[in-house]
Structure formats: C-alpha cells, structure tokens
Amino acid sequence: MENRSFYNEILTEHNIRPEFKHDLPDADIVLEGVNPSCGDDIFLKLKTEGDEIVDGAFVGDGCAISQASADIMLGMIVGKKKEEALALGSTFMKMIKGEATQEEIESLEEASALQDISHMPARVKCAVLGWRTLREALGEEDDDEE
C-alpha cells in the first residue's frame with residue numbers, strides 16, 4: 001500500500017502545482033482535446049524546432065486525473081524528439097491497457113503513477129486525454145481504443 005500512497009502523492013502534486021499548466025503564446029502546434037463523456041477539455045500547446053519539442057504547456061479544465069496526466073506527460077516530452085514523445089505515448093497506452101512489461105512501466109517514471117487507472121474503465125479516457133491529443137497533434141493516427 002505504500003506504493004499506492006506514493007502514486008496518489010504524485011498525482012495530487014501535479015494537480016495542485018502543475019508545472020506545465022499555463023499559456024504558451026509562441027506555440028507552433030495547438031490542439032484541443034476533449035473527453036465528451038465527462039467534459040474534460042484541454043488545449044495542448046507545443047513549441048517545436050525542427051523535430052524537437054522545445055517547450056510545452058496546456059490550459060483547460062478537467063478532473064484531477066486528466067490534469068495531472070497532461071502535466072506529467074509534458075514533463076516527459078519537453079526536450080525530446082517528436083518520435084521519442086510518440087514512443088512514450090505508445091508505452092503509456094500499453095500500460096493503461098495492461099499490456100506493458102514491468103520494464104516499460106518503469107520507463108514511464110512518474111506516469112507509472114497512473115497504472116491502476118486501467119482497473120477503472122470510467123477514468124481511462126481521463127488519463128489518456130493528453131496523450132491522445134499529443135498523438136493527434138503530432139500527426140499520428142489514433143488507432144488505439146480502450
């Protein structure tokens with residue numbers, strides 16, 4: 001149970017003091033992501049230079065899970081190449097579906113705090129909102145369904 005408490009602390013911290021929840025006026029990629037089943041709504045904003053994501057932010061409203069997940073995701077992808085960000089997104093989706101190896105889950109660092117969401121089907125769309133928006137923003141087809 002210590003792990004669950006630790007994971008709850010990670011999610012709470014990202015929800016109360018999100019590092020990436022702010023406007024990014026010079027973003028060159030902006031995409032809205034909406035979860036129609038609960039009303040979560042974010043605008044993902046990325047600043048890129050060539051193939052690298054050099055800055056990122058999000059604004060919007062939603063539940064603690066969607067907001068924390070988007071904040072964690074941005075912390076992982078800023079400074080990465082687009083293909084690396086998409087690979088992290090694929091690993092995250094595998095984890096949410098319960099298909100990721102322990103090694104893959106560990107590679108997700110703080111995002112692994114959302115691993116138990118896979119057991120709460122109503123919250124899965126909340127957890128993946130930022131990641132799905134990222135994939136769409138970077139031009140990858142969304143062929144994963146929960």
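Here are some questions and answers about a predicted model, each one setting a value against the rule behind a word.

Q: Why is the pairing of aspartate 23 and lysine 45 called a salt bridge?
A: A salt bridge needs a Lys or Arg side-chain nitrogen within 4 Å of an Asp or Glu carboxyl oxygen. For aspartate 23 and lysine 45 the N to O distance is 2.5 Å, so the pair fits the rule. It's one of 4 salt bridges found in the whole structure.

Q: What makes aspartate 23 and lysine 45 a link between separate parts?
A: Look at where they sit: aspartate 23 is in the loop between helix H1 and strand E1, while lysine 45 is in strand E2. Those parts are 22 residues apart in sequence, so the pair ties them together.

Q: Is lysine 45 buried or exposed, and how do you know?
A: Buried means under 20% relative accessible area. Lysine 45 has 14%, so it counts as buried. Its partner, aspartate 23, comes out at 44%, which makes it partly exposed.

Q: How do you know that lysine 47 and aspartate 26 form a salt bridge?
A: Their closest N and O atoms are 3.0 Å apart, and the cut-off is 4 Å, so they qualify. Lysine 47 belongs to strand E2 and aspartate 26 to the loop between H1 and E1, so this pair ties together parts 21 residues apart in sequence. Lysine 47 is partly exposed at 25%, and aspartate 26 is partly exposed too, at 42%.

Q: What makes lysine 94 and glutamate 104 a salt bridge?
A: The N to O distance here is 2.8 Å, which is within 4 Å, so the name applies. Lysine 94 is in helix H3 and glutamate 104 in helix H4, so the pair ties together parts 10 residues apart in sequence.

Q: How do you know that the length of helix H5 agrees with its number of residues?
A: At 1.5 Å a residue, the 17 residues of H5 should span 24 Å. The end C-alpha atoms are 25 Å apart, which agrees. H5 also bends, by about 50 degrees at leucine 129.

Q: Why is H5 called largely enclosed?
A: Because 12 of its 17 residues are buried. Among them are Val124, Leu129, Trp131 and Arg135. The cover over the buried residues of H5 includes E1, E2, helix H2 and H3.

Q: Why is glycine 33 called buried?
A: Its relative accessible area is 4%, and the cut-off is under 20%, so "buried" is the right word. Glycine 33 is part of strand E1, and its contacts include Leu129 and Thr133. Its C-alpha atom is 7.1 Å from that of glycine 130, although the two are 97 residues apart in sequence.

Q: How do you know that cysteine 38 is in no disulfide?
A: A disulfide needs two cysteine sulfur atoms within 2.5 Å. For cysteine 38 the nearest cysteine sulfur, in cysteine 126, is 4.0 Å away, so there's no bond. By the same rule, the count for the structure is 0 disulfides.

Q: What about cysteine 126, and why is there no bond to cysteine 63?
A: The closest cysteine sulfur to that of cysteine 126 is in cysteine 63, but it is 3.7 Å away, too far for a bond. Cysteine 126 is buried, with a relative accessible area of 3%, whereas cysteine 38 is partly exposed at 43%.

Key
Residues numbered from 1 in each chain as written. Predicted model: local features only at pLDDT ≥ 70, side-chain atom pairs only at ≥ 80, totals over all residues. Heavy atoms only, no water. Helix = DSSP H or I, 4+ residues; strand = E, 2+ residues; numbered from the N terminus. Buried < 20%, exposed > 50% of the residue type's maximum accessible area, 1.4 Å probe, protein only. Expected span 1.5 Å × (residues − 1). Bend = angle between axes of the 7 residues up to and from the residue. Contact = heavy atoms within 4.5 Å. Lists of a residue's contacts leave out its neighbours within four places in sequence.
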